[in-house]
Amino acid sequence: MEKAMIIGLLEKYWQAETTIEEERTLAAWFKAQPPGSLDPDLEQYAALFAYFDGESRVTPGPGFESRILQAITPVRHFQGGLIAAAATVLTVVATLILTQPAKHPTAQPVAKTTQFTDTYSDPEQALAAVRHALLIASVHLNEGRKQITNK
Amino acid sequence: MSLEVFKGRILPMKDKLFRFAFHLLGDIPEAEDAVQEVFAGVWTKRAEWAQWNSIEAYCMTATRNNCLDRLRRRRVPTVQESSAHQLISPDHDPHEKMTSKEMIQRIRQCMDALPQQQQFVIRLREMEGFSYNEIAEVLDMTLDQVKVNLFRGRNAIRQALTKKEQKWKKQ
């Protein structure tokens, strides 16, 4: 009875009319047969399904997954984030400096229509402040780079 | 976010893609390289993932194309015999094992001798359990072409098996 069903399924299989479920049934049936118990006319097909089964279990070597993850640039992703963070810090620091009130206010009143005022009257002092801000940002950036290099 | 999607939905396809690449290239390190390249390519296109109908179909197609390019460069489009396969159950007795091994060897030779499209269709169907629609998408074929290739490929193997069987019986 069971064998008749399998032979029927095999006929459908050769006609490429079986469903995936029916093909799984065939493969599972052949796999479950004890060695030497099959009729010669079915034995050859057992080898065919064993071949497919073996081929479907081939897997890549160990460490393949981590190599892929390395290849898709998580480090670069992190570096990109670091650069963006450094740029943000720089922008914030520069904004703070530029919007800071002047230490030596001039006698002249600030025009009401003016949104931004100079923070430094002395160009040397302004340059020194910008250099200081850039130095802070540079130190943070280098710390981040060191962390990456040490990993 | 993209990395989570990659790890959760794309990375689990690695074995399937590797098998496909390995069957096309017949070389484990090269198959791994091919799949790695495919994943790197998919990652660079992460902004487009939402627009793809099927990430799996895209990956399979990219793997096929990558392997075909490699084969063209190599100019040796034959699949080598793999020594990495342990296909026979250890429960079989030595004679049984020998006979099955010979038969499987013949099946492999027959598979390798099939036209490339028939090989692709059979591998995706028999080893990866793809539906006809999925095969059609990956291989850029119509459903009828998929069925015809599967029919012809299976029957070529059947004939080879039957011939061998008859030969053995005569001996």
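Student: How many residues does each chain bring to the contact between chain A and chain B?

Tutor: In this predicted model, chain B supplies 38 residues and chain A supplies 26 residues.

Student: Which elements of chain B make up the side that touches chain A?

Tutor: Those giving two or more residues are helix 2 (14-25), helix 3 (28-44), helix 5 (94-113), helix 6 (116-127) and helix 8 (143-170) of chain B. Helix 8 of chain B gives the most, with nine residues. By class, this side of chain B has 18 nonpolar, seven polar and 13 charged residues.

Student: What makes a set of residues a nonpolar core, and which residues have the most contacts inside the largest one?

Tutor: The residues must be buried, of the nonpolar kinds that count, and joined through C-beta atoms within 7 Å. The largest nonpolar core has 33 residues, and those with the most contacts inside it are Leu17(B), Ala21(B), Val35(B), Val38(B), Cys59(B), Val121(B) and Ile135(B). At least three residues come from each of domain 1 (2-74) and domain 2 (94-170) of chain B.

Student: What does Val35(B) touch?

Tutor: Leaving out residues up to four places away in sequence, Val35(B) touches Lys14(B), Leu17(B), Phe18(B), Ala21(B) and Thr63(B). A second, separate core has 15 residues, including Tyr45(A), Tyr51(A), Phe52(A) and Met111(B).

Student: Val139(A) is in helix 6 (residues 123-150) of chain A. Why does Val139(A) count as exposed?

Tutor: A residue is exposed if 12 or fewer other C-beta atoms lie within 10 Å of its own. Val139(A) has 10 C-beta neighbours inside 10 Å, so Val139(A) counts as exposed.

Terms used:
Residues numbered from 1 in each chain as written. Chains lettered and ligands numbered in written order. Predicted model: local features only at pLDDT ≥ 70, side-chain atom pairs only at ≥ 80, totals over all residues. Contact = placed C-beta atoms within 7 Å. Helix = DSSP H or I, 4+ residues; strand = E, 2+ residues; numbered from the N terminus. Nonpolar A, V, L, I, M, F, W, Y, C, P; charged D, E, K, R; others polar. Buried ≥ 20, exposed ≤ 12 C-beta atoms within 10 Å, placed from the backbone. Domains from an automatic or database assignment.
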